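Here are my notes on the model you asked about. Have it open while you read, and skip around as you like.

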Amino acid sequence: MYPSPSSHSDAAQSFVAIGQRLQQLRLDQGLELDQISRRTRISVRHLTAIEAGQRSALPELVYIRSFIRQYAQTLQQDPASFDLSCLETSNASTRGRRFLNPTTGLVSQKMQYLLYGLLVMLVGGGLIYWNNREFQPEPVNSLNQVPVVETGDSPS
């Protein structure tokens, strides 16, 4: 069962709070995002998404946890001081729905292209099979066969 909308909202707010805290710590130390990116090897795009609390712009949960821990350690903070339980709740609401667009609830465009490609391959393979199904090549005479020539003499 999926969490209630209010718990999802609370989790989103908690994730935003983590991002704001990391951003404030970074600014207090006078560091730029590109400096953090070089030290952690996390892309500036992902760091910006963490600071903005944009969960949808980030990869899977295991990477987000790692990113936040690395970011906190780079800022000389204890990663355990960040409550990452909000990530569990936000991940549970999307579990099993990876191929659905979160805003419309419909199949994502990438999945549609994948399904269309599969359909084209199946139809193409079926047409090739259908076209070649009646083609039966004639057997080739074996070189080991010697033609039998009948002569008028019969062995008796």
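The points below go from the whole chain down to single residues.

1. First, the ground rules. This is a predicted model, so please read local features as needing pLDDT of at least 70 and side-chain atom pairs as counting only at pLDDT 80 or more, while totals for chains, interfaces and linings use all residues. Numbering starts from 1 along each chain as its sequence is written, and side-chain values use heavy atoms, with hydrogens and water left out.

2. Overall make-up: the protein has six helices and zero strands, running α-α-α-α-α-α from the N terminus. Helices here are DSSP runs of H or I with at least four residues, strands are runs of E with at least two, and both are numbered from the N terminus.

3. Burial and surface: of the 156 residues, 24% are buried. Buried means under 20% relative accessible area, exposed means over 50%, and partly exposed is in between (1.4 Å probe, protein chains only). About 11,900 Å² is exposed, and carbon and sulfur atoms supply 56% of that; the areas come from the Shrake-Rupley method with a 1.4 Å probe, and for residues only the protein chains shown count as cover.

4. Contacts along the chain: among contacts with a separation of 6 or more, 58% join residues 24 or more positions apart. A contact is heavy atoms within 4.5 Å. For one pair to look up, try serine 14 and serine 85, which are 71 residues apart along the chain and have C-alpha atoms separated by 8.9 Å. Serine 14 sits in helix α1 (residues 5–28) and counts as partly exposed because its relative accessibility is 33%.

5. How do α2 and α3 cross? The axes of α2 (residues 33–40) and α3 come within 9 Å and cross at roughly 115°; they are lines fitted to C-alpha atoms, for helices over the stretch in contact, with angles from 0 to 180 degrees between N-to-C directions. From α2, Leu33, Asp34, Ile36 and Ser37 meet Val44, Leu47, Thr48 and Glu51 of α3. By class that contact has four nonpolar, two polar and two charged residues. Nonpolar covers Ala, Val, Leu, Ile, Met, Phe, Trp, Tyr, Cys and Pro; charged covers Asp, Glu, Lys and Arg; the others, Gly among them, are polar.

6. Now α3 itself: its buried residues are His46, Leu47, Ala49, Ile50 and Glu51. Histidine 46, in this helix (residues 44–52), counts as buried because its relative accessibility is 13%. Leaving out residues up to four places away in sequence, histidine 46 touches Ala57, Leu58, Pro59 and Phe67. Just after α3, glycine 53 takes a positive phi of about 70°.

7. Two backbone angles to check: arginine 41, in the loop between α2 and α3, has a positive phi near 65° without being a glycine. Arginine 41 is exposed, with a relative accessible area of 78%. Glutamine 76 lies in the loop between α4 (61–74) and α5 (85–92) and has a positive phi of about 55°, although it is not a glycine. Glutamine 76 counts as exposed at 62% relative accessibility.

8. Lastly, the record: an unreviewed UniProt entry annotates residues 113–130 as "transmembrane region". UniProt positions are given in the numbering used here, feature names are shortened, and annotations may be inferred rather than shown by experiment. In the model, residues 113–130 are 100% helix and 0% strand, with the end C-alpha atoms 25 Å apart.
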